[in-house]
Structure formats: structure tokens, C-alpha cells
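Biologist: Could you pick one part of this model and take me through it closely? I'd like to see how it sits among its neighbours.

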Amino acid sequence: MAAQHSKTFICKHCGRDVPYAAPGTHHRNHCPFCLYSRHVDIVRGDRKSRCGGMMKPIGIVERPDGEFLIVHQCQGCGFISKNRIAGDDDDTVLSTLSRQSLDDRLL
Ligand SMILES: [Zn+2]
Ligand SMILES: [Zn+2]
């Protein structure tokens, strides 16, 4: 594990300061303001992907246990991943996204 001392990172999509600590999840993997993520993992949390592309939120799915997940698609390589919603993710952006995923029938 590389030493990571900073408590925030700058979102490459919206440019806001994002705290690493997130309520309801062990590590932050997307921006709570615009929900974009970056393609840095091959396996969750490993930071081994060389892609580094922006992961665009393209929809919301509900797991059988009722937990909601954000579906991200990498704009660089097309890789798709699903990520837990953090407790401080922007509700307005989340509800817009879930409407979009119904409208576009992406899922
Ligand atoms: Zn952002
Ligand atoms: Zn990628």
C-alpha cells in the first residue's frame, strides 16, 4: 500500500475538493458531487489499472438485497463497474441518474 497522506483529492471532472473519508463505505471511489470516478482499479481497491480514464455514471441498479449501486463506464476503454453509493452522494444527481437509467433503458 502506497502511503497516502492527503485527506482530499481534486475531482478531475468537476474540480471540487473531495474528502477520502466517506460515510457508509470503506473507501471513496467516486466524487459525491458529480458521481464521476476514475478507472484506477482492476480489482476493487487495487489501483493497478493503467487506464486512468474518467468513469462516467451511466445508471443506478438495485441489488437483490435492496442496496443501490452506481454503474460507471470508463470513457477511455469502456470498462464497466458497479459501486456502492456513499452516504454523502448528492441526492439530486443520484435521482437524475436513476431517471436517466430508466429513460435510456441502459440496464
Ligand atoms: Zn466531481
Ligand atoms: Zn478505462
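Modeller: First, the classes: Ala, Val, Leu, Ile, Met, Phe, Trp, Tyr, Cys and Pro count as nonpolar, Asp, Glu, Lys and Arg as charged, and the others, Gly among them, as polar. By that sorting, the lining of the second largest pocket has eight nonpolar, two polar and one charged residues. This is a predicted model, where local features need pLDDT of at least 70 and side-chain atom pairs pLDDT 80 or more, while totals for chains, interfaces and linings use all residues. Residues are numbered from 1 along each chain as written, chains are lettered from A and ligands numbered from 1 in the order written, and side-chain values use heavy atoms, leaving out hydrogens and water.

Let's move on to the sheet and its metal. Four strands (DSSP E runs of at least two residues) form an open sheet in the order β3-β4-β5-β6, with antiparallel pairing; pairing takes at least two DSSP bridges. β3 (37-38) and β6 are at the edges with a single partner strand each, so one side of each has no neighbour in the sheet. At the β3 end, two bridges hold β3 and β4 together, and S37 sits opposite M55 in β4.

At the other end, β5 (residues 68-74) and β6 are joined by five bridges, with I80 in β6 as the bridge partner of Q73. The two make a hairpin with five residues between them, and G78 in the turn has a positive phi of about 85°. Along β6 (residues 80-84), S81 and N83 point to one face and are buried (under 20% relative accessible area, with a 1.4 Å probe and protein chains only), while I80, K82 and R84 point to the other face and are not buried.

Now the metal: H39 (ND1), C51 (SG), C74 (SG) and C77 (SG) coordinate the zinc ion (ligand 2) at 2.0 to 2.4 Å; a donor is an N, O or S atom within 2.8 Å of the metal, or 3.2 Å for Na, K and Ca. H39 and C51 are twelve residues apart, both in the loop between β3 and β4. The four donor atoms subtend angles of 102 to 119°, which makes the arrangement tetrahedral (all angles between 85 and 135 degrees). Along the sequence, the donor residues are spaced H-x11-C-x22-C-x2-C. H39 is buried, at 6% relative accessible area, whereas C51 is partly exposed, at 34% (that class runs from the buried limit up to 50%).

Note on methods. Four donors count as tetrahedral if all angles lie between 85 and 135 degrees; four count as square planar and six as octahedral if opposite donors are over 155 degrees apart and all others between 65 and 115; anything else is irregular.
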